[in-house]
Amino acid sequence: MSAQVRVRLLPSARCLFDEPVQVKVAGLKSRQVVTLRARSTDDKGVVFSSSATYRADGNGEINLDREPSLSGSYVGVEPMGLLWSMRADVMHKRFQKTSPLNTHVVNFSVHEEEGGKLAEATHDRRLIRDEVTRVPVKDGNIRGVLFTPPGGGPFPAVLDLYTFGGGLSEKRASLLASRGFLVLTVALYGHDDLPKNIKEIHLDYFEEAIEFLKKQEKVGSKGVGVISLSKSGDLALSIASFLPNVEAVVWINGCSANTALPLYYKKNLILPALMYDFKKAILTVSGAIISKYCMHDPLKEENKATLIPIERAKGRFLFVASEDDLNWDSKAYMDEMVERLKRHGKENFESLSYPGAGHYLEPPYGPYCPSSFHGLAGKPVLWGGEPRAHAAAEVHLWKKIQEFFRTHLSCDFSPTKAKL
């Protein structure tokens, strides 16, 4: 390595996962062409990496905020391009950082055109602020983790459903708590002593989770917010439509109907399942399928009983759809819900759609995921999206989610009863 060449990470070599970092290189020759690389390993041991070719300025410096990449994983001026363009070294793998206890460590390095390493620096991207408390929850039927921000509060309360799948993901919940929200993330199955698989879903579980959240002494909101993604989007809609104390719901690339598994409340079936036909999947050369056209049409007469009666909901909705979602047609589902609410004279919603974004909209600056294993399909699926547009959508949406919850999670309290 060269003693003269340095990599600087600003404002520091340590920050939160959802914060941008400024990457600068100094000590190069005037107009020298070099390759910048980023490399990281996820919680499953999968290596992710990216590279981009840059030309130094007349002073032998490169500033990623200013200089364009000439070739590589991306081109053009992309200050965070080395992070969002990282790809797994094996196909169909999604970046797994489910525990906030594991820092996202990124190695940035500078290489000569011949390949020799000139300099490197390590960047620690934390999933949780130091002062946030993380407490595993095993209370009644609830299994999950509670994150509480530092200070006396009061804080707005959020239930994070993340996405449908076994186990527990804490990344989004820990980052929201680092931004001032008291967050409970829950598992449905495949975690702790929960069953490995389920054949039905009971709304009572989420009612219990909401009551648990509301009992926390630092909670200031009279009701709770709910944030979802994919299958859990329809669960969030049902929670808002059938249960009290839900003030704000973020629905991200979900469905307007109850999908895959029947929904029960107090042992009574309240919504049958909208089913799917994977024979309609399109097989691609990568071995992954496109499942966008596999769901049955919820608007057909025989499927209308699966539609969730969101017009009953008292809280606010933020609907978010990616226009290049290849998992299913989330934009069409969103448009149907907006139309239905308008027909009922409702104004308790806002909607966002992102051209060029794919299914998995997550907190920003993580590696874009083109395809990964799908539990229901039993094989890899293409999620859709173009990496640059998807990354930009994640940055915009993450700010919007926080603004939405801060605006609509109020701090009064009056008891209410279930709407069933």
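Is C15 buried or exposed? In this predicted model, C15 is buried, with a relative accessible area of 6%. The legends below treat the cysteines, the nonpolar cores, the aromatic pairs and selected polar residues.

**View 1. Cysteines C15 and C369 in a structure with 0 disulfides.** The count of disulfides comes to 0. C369 takes part in none, the nearest cysteine sulfur being that of C294, 18 Å away. The cut-off for a disulfide is 2.5 Å between sulfur atoms. C369 counts as buried because its relative accessible area is 9%, and C15 counts as buried because its value is 6%.

**View 2. The largest nonpolar core, with F108 among its most connected members.** This core holds 73 residues, of which L36, I62, F108 and F405 touch the most other members. Helix α6 (residues 387–408) supplies the largest share of the core, 7 residues. A second, separate core has 54 residues, including L159, F242, W251 and W328. Beyond its neighbours within four places in sequence, F108 is in contact with V7, L9, V23, R37, A38, L82, L83, A119, E120, A121 and H123.

**View 3. Helix α2 and the residue G180 that follows the helix.** Helix α2 spans residues 171–178 and is mostly covered, with 8 of its 8 residues buried. Among the buried residues of α2 are the charged-type names K171 and R172 as well as A173, S174 and L175. L176, A177 and S178 are buried in α2 as well. G180 comes after α2 and has a positive phi, near 100°.

**View 4. The edge-to-face pair of F181 and F405.** The whole structure contains 11 aromatic pairs. One of them is formed by F181 and F405, with 6.1 Å from centre to centre and 65° between the planes. This pair links distant parts of the chain, 224 residues apart: F181 lies in the loop between α2 and β14 (182–186), and F405 lies in helix α6. Both residues, F181 and F405, are buried.

**View 5. The edge-to-face pair of W251 and F319 within a ring cluster.** The ring centres of W251 and F319 are 5.8 Å apart, and their planes are at 90°. W251 belongs to strand β17 (residues 246–252) and F319 to strand β22 (residues 316–322), so that the pair links distant parts of the chain, 68 residues apart. W251 is buried, and F319 is buried too. Ring pairs join W251, F317, F319 and F349 into a cluster.

**View 6. The charged end of R94 over the ring of Y360.** The charged end of R94 sits 4.0 Å from the centre of the Y360 ring.

**View 7. S230 and its polar contact with H359.** S230 is located in the loop between β16 (219–228) and α4 (231–242). Because its relative accessibility is 11%, S230 counts as buried. The side chains of S230 and H359 make a polar contact of 2.8 Å.

**View 8. E336 in helix α5 and its polar contact with R340.** Helix α5 comprises residues 330–343 and contains E336. With a relative accessibility of 13%, E336 counts as buried. The side chain of E336 is joined to that of R340 by a polar contact of 2.9 Å. Leaving aside neighbours within four places in sequence, E336 is in contact with S256, L299 and L307.

Note on methods: Residues are numbered from 1 along each chain as its sequence is written. This is a predicted model: local features need pLDDT of at least 70, side-chain atom pairs count only at pLDDT 80 or more; totals for chains, interfaces and linings use all residues. Side-chain values use heavy atoms; hydrogens and water are left out. Helices (H or I, at least four residues) and strands (E, at least two) are DSSP runs, numbered from the N terminus. Buried means under 20% relative accessible area, exposed over 50%, partly exposed in between (1.4 Å probe, protein chains only). A polar contact is a pair of N or O atoms within 3.5 Å; within protein, one must be able to donate a hydrogen and the other to accept it, and residues adjacent in sequence count only if both atoms are side-chain atoms. A nonpolar core is a set of buried Ala, Val, Leu, Ile, Met, Phe, Trp, Tyr and Cys residues joined through side-chain atoms within 4.5 Å. Contact means heavy atoms within 4.5 Å. Rings of Phe, Tyr and Trp (its six-membered ring) pair if their centres lie within 6.5 Å; planes under 30 degrees apart count as stacked, over 60 as edge-to-face and the rest as tilted. A charge sits over a ring if NZ of Lys or CZ of Arg is within 6 Å of the ring centre and within 35 degrees of the ring normal.
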